[in-house]
Amino acid sequence: MKKIVALCFLWMVVIGQVEAQKKKRTNKNSESRMETQVKAPRDAYRFSIDLTKVKDDKLKVSLFTPAIKRAAGQPNEIVYHLPKIVPGTYANYDFGRFTSNFTVLDKNGKPLPVEKLDDNSWKIKNADQMYQITYAIDDTYDTDLNNVIFEPAGTSIDSGHVFALNTHGFFGYFDDMKKMKYEIHVTKPTGFYGSTSLIATESTPTKDTYVTQSYMELTDAPMLYDRPDTTVLRIGGAEILVSVYSPNKVANSKEIASNIEELLTAQMQYLGGTLPIKKYAFIIYLFDKPTKSGAMGALEHSYSSFYCLPEATAEQLAQTIRDVSSHEFFHILTPLSIHSEEIGDFDYNHPKMSKHLWLYEGVTEYSAGHMQIKYGLIDLPAYLEVITEKMNSAVSDFNDTLAFTEMSKNCLDLHKDQYNNVYQKGALIGLCLDIKLRQLSGGKYGIQNLMADLSKVYGKQQSFKDDELFAQITKMTYPEIREFFARYVEGNEPLPLKAVLALVGVEVKGGENKKVASLGKISLGYNDANQRIVVSNISQMNEFGKHMGYQKNDELVSLNGKALTPENFSEVMEEFKNNTPAGKLVEVVVARKGEDGKEVKTKLSAPALLVEGDRKVEITPLAAPTSAQTALRDAWLKP
């Protein structure tokens with residue numbers, strides 16, 4: 001009897017353990033099934049990301065997919081993409097490079113076949129059975145990969161401190177399904193806040209939910225999650241959020257917002273007294289160490305802009321933030337309200353470029369400076385200095401005979417080295433167009449009026465055809481404007497800056513071709529430790545440089561017997577370039593490391609070589625302008 005009781009007891013223990021294991025497995029499967037359970041209809045992308053669960057410096061992205069339906073005869077497969085490029089960057093970044101563990105499941109949690117097509121694309125078989133996609137995302141700010149992403153377009157995963165969520169770096173889309181609703185569910189650490197232009201449909205201390213009506217709307221709205229340092233301004237009928245991440249608390253949002261407020265008030269006046277938005281976010285990420293890209297700046301969006309700048313006090317950052325934000329904020333006009341089909345329906349993986357960068361970036365850059373002088377933030381000498389720098393850079397740093405529309409269409413490949421001319425010649429196109437319109441209208445109509453009228457014709461939801469914009473602007477203005485575009489924007493003629501600026505009583509001097517002595521077409525840097533100028537790159541070295549025998553990391557000690565210091569370098573170089581005849585022996589002493597690692601001073605010499613100079617110009621207001629010049633200048637520069 002005791003044995004039977006013991007056996008029964010043993011059996012009950014075993015049964016209990018089995019049942020416990022079954023229950024444990026059932027609970028585990030239930031939890032797994034809960035992860036793949038979607039109560040709402042499958043009519044949207046439903047993404048979730050948990051900022052409290054960082055593993056190996058990566059975040060897991062989970063997508064409950066919309067229903068995939070295939071017509072009879074169509075292959076039962078679909079391609080999921082992360083972007084190759086995003087609007088405003090004009091560079092191929094391949095955000096899919098940062099993914100790993102890409103997995104596709106059906107509603108029972110079983111894997112479906114996946115074929116990786118390239119860095120950014122995954123072909124999924126049995127697409128109608130697809131229910132959930134998961135993958136891990138590494139951030140771009142501390143990547144070891146090549147082709148580093150400009151930080152304002154990148155991503156940061158710094159657990160417990162800050163998350164820079166440029167949405168295009170985490171969330172993707174299916175072929176032909178970009179214009180569907182997106183739900184984004186963010187689980188956040190306690191005390192964290194999400195700064196973004198999006199308005200959360202639901203927000204608790206631990207979770208936020210955002211909804212957009214398309215992929216374009218989602219990628220147009222970056223997010224910054226951290227312990228909040230935010231200030232809200234109310235200007236021109238709009239709510240302006242200023243959010244700052246300063247790792248060492250060197251700057252704060254209140255001080256930066258105070259600096260931006262004056263600028264935004266002037267921009268409101270420039271745009272007619274109100275701002276054409278309800279909410280805008282300045283998202284500012286300050287770095288206390290060098291960035292991977294080596295660059296600083298910002299990326300514009302329709303209702304926000306994302307800044308990556310060196311950490312400094314608000315006072316030290318003041319002018320930089322003014323200059324950058326002045327440009328970025330004006331993008332609320334273009335491409336928000338004025339854009340071509342190439343931008344309105346942007347192809348993130350096979351992009352087609354518009355030929356109108358003169359408008360998107362050039363006129364925006366022009367307006368950013370024009371607004372500042374028109375509403376008293378800078379004076380005339382300071383403004384003319386800005387124009388002078390752009391004139392000199394457009395000629396000396398870029399190909400001034402390349403048609404601007406041609407450069408725009410091919411800025412990703414054939415002419416990518418010319419892209420930055422949008423901020424130089426592009427702005428000067430805006431200047432010339434503004435003054436020409438003022439001249440033709442008797443001072444009554446300028447580029448401000450043109451942009452407002454184009455916004456009414458098109459607007460956020462309507463794109464123009466790339467080949468029709470010039471005709472549309474001509475229809476709204478004057479026949480002479482079509483000739484201007486044909487000669488100076490579509491054509492390769494240099495901008496008529498002397499003639500145009502003469503209309504407003506501003507004289508242009510210089511700009512003629514001039515031969516100057518070359519130092520060898522070497523790139524120069526600076527060694528802060530010993531305060532010497534350093535040869536940083538010799539890949540573009542000309543014949544003189546090769547004859548001299550420069551080596552990378554040479555430190556320049558003297559030129560023709562004159563010691564070179566950071567303080568006198570510009571002065572010594574100007575004298576050398578302008579006063580050295582062809583063939584005269586040039587001697588440069590450099591310091592370079594010997595085989596034993598010790599510094600050796602070496603004298604380099606070669607006959608002087610003369611090359612085309614910078615053709616620099618100077619512009620000054622006439623001392624005694626005519627009444628017509630004065631009237632047109634006032635119409636151009638006064639409110």
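This is a guided tour of one protein chain, moving from the whole molecule to single residues.

**The whole chain**

Begin with everything displayed, and keep in mind throughout that this is a predicted model. The protein chain carries 16 helices and 30 strands, and its C-alpha trace extends over about 120 × 70 × 55 Å along the principal axes. If you colour by burial, 51% of the 639 residues count as buried. A surface view corresponds to an accessible area of about 30300 Å², of which 50% belongs to carbon and sulfur atoms. Colouring by charge picks out 74 positive and 80 negative side chains, the centres of the two sets lying 7 Å apart. Among contacts between residues at least 6 apart in sequence, 69% join residues at least 24 apart.

**A sheet of four strands**

Next, select β5, β6, β3 and β10, which form an open sheet in the order β5-β6-β3-β10 with antiparallel pairing. Its edge strands are β5 (114-118) and β10 (173-174), each of which pairs on one side only. Strands of a sheet pair through backbone hydrogen bonds, either parallel or antiparallel. Now zoom in on β3 (residues 77-81), which is joined to β10 in the antiparallel sense by two bridges; here tyrosine 80 stands opposite phenylalanine 174 of β10.

**Phenylalanine 174 and the nonpolar cores**

Keep phenylalanine 174 selected and show the residues around it. Leaving aside neighbours within four places in sequence, phenylalanine 174 is in contact with a group that includes Tyr45, Leu63, Pro66, Ile78, Tyr80, Ile124, Met130 and Ile133. Which two residues touch the most other members of the largest nonpolar core? They are Phe174 and Trp358, in a core of 117 residues. Helix α6 gives the most to this core, contributing nine residues. Another core, of 28 residues, lies apart from it and has Ala238, Ile260, Ala312 and Ile321 among its members.

**Strand β2 and its two partners**

Move on to β2 (58-64), where five of the seven residues are buried, so this strand is largely enclosed by the rest of the structure. β1 and β2 run antiparallel and are joined by four bridges, and one pair to display is isoleucine 49 with its bridge partner in β2, valine 61. Strand β7 (residues 130-138) also runs antiparallel to β2, with seven bridges between them; along this pairing, phenylalanine 64 stands opposite glutamine 132 in β7.

**Two loop residues with positive phi**

Select aspartate 56 in the loop between β1 (44-50) and β2 (58-64). Although aspartate 56 is not a glycine, its phi is positive, at about 55°, and with 64% relative accessibility it counts as exposed. Then select lysine 249, which is found in the loop between β17 (238-245) and α3 (253-270). Lysine 249, again not a glycine, has a positive phi of about 55°, and its relative accessibility of 65% places it among the exposed residues.

**Serine 197 and threonine 219**

Serine 197 is the next stop, in the loop between β12 (193-195) and β13 (202-203). Is serine 197 buried or exposed? Its relative accessible area is 12%, so serine 197 counts as buried. Once residues up to four places away in sequence are set aside, serine 197 touches Ala221, Lys279, Ala281, Tyr303 and Ser304.

From there, go to threonine 219 in helix α2 (residues 215-219), which is buried at 6% relative accessibility. Beyond its neighbours within four places in sequence, threonine 219 is in contact with Thr167, His168, His301 and Tyr348. To get a sense of scale, draw a distance from threonine 219 to valine 586: the two are 367 residues apart in sequence and 55 Å apart in space, C-alpha to C-alpha.

**Helix α16**

Finish with helix α16 (residues 627-637), in which Gln629, Leu632, Arg633, Ala635, Trp636 and Leu637 are buried. To view what covers these buried residues, add the elements that take part, including α6 (357-374), α7 (380-396), α9 (425-440), α13 (497-502) and β30 (617-621). Helix α6 returns here from the earlier stop, where it gave the most residues to the core containing Phe174 and Trp358.

Terms used:
Residues are numbered from 1 along each chain as its sequence is written. Side-chain values use heavy atoms; hydrogens and water are left out. Buried means under 20% relative accessible area, exposed over 50%, partly exposed in between (1.4 Å probe, protein chains only). Contact means heavy atoms within 4.5 Å. Accessible areas come from the Shrake-Rupley method with a 1.4 Å probe; for residues, only the protein chains shown count as cover. Lys and Arg count as positive and Asp and Glu as negative; His and the chain ends are not counted. The place of a charge is taken as NZ of Lys, CZ of Arg, CG of Asp or CD of Glu. Two strands pair if DSSP finds at least two bridges between them. A nonpolar core is a set of buried Ala, Val, Leu, Ile, Met, Phe, Trp, Tyr and Cys residues joined through side-chain atoms within 4.5 Å.
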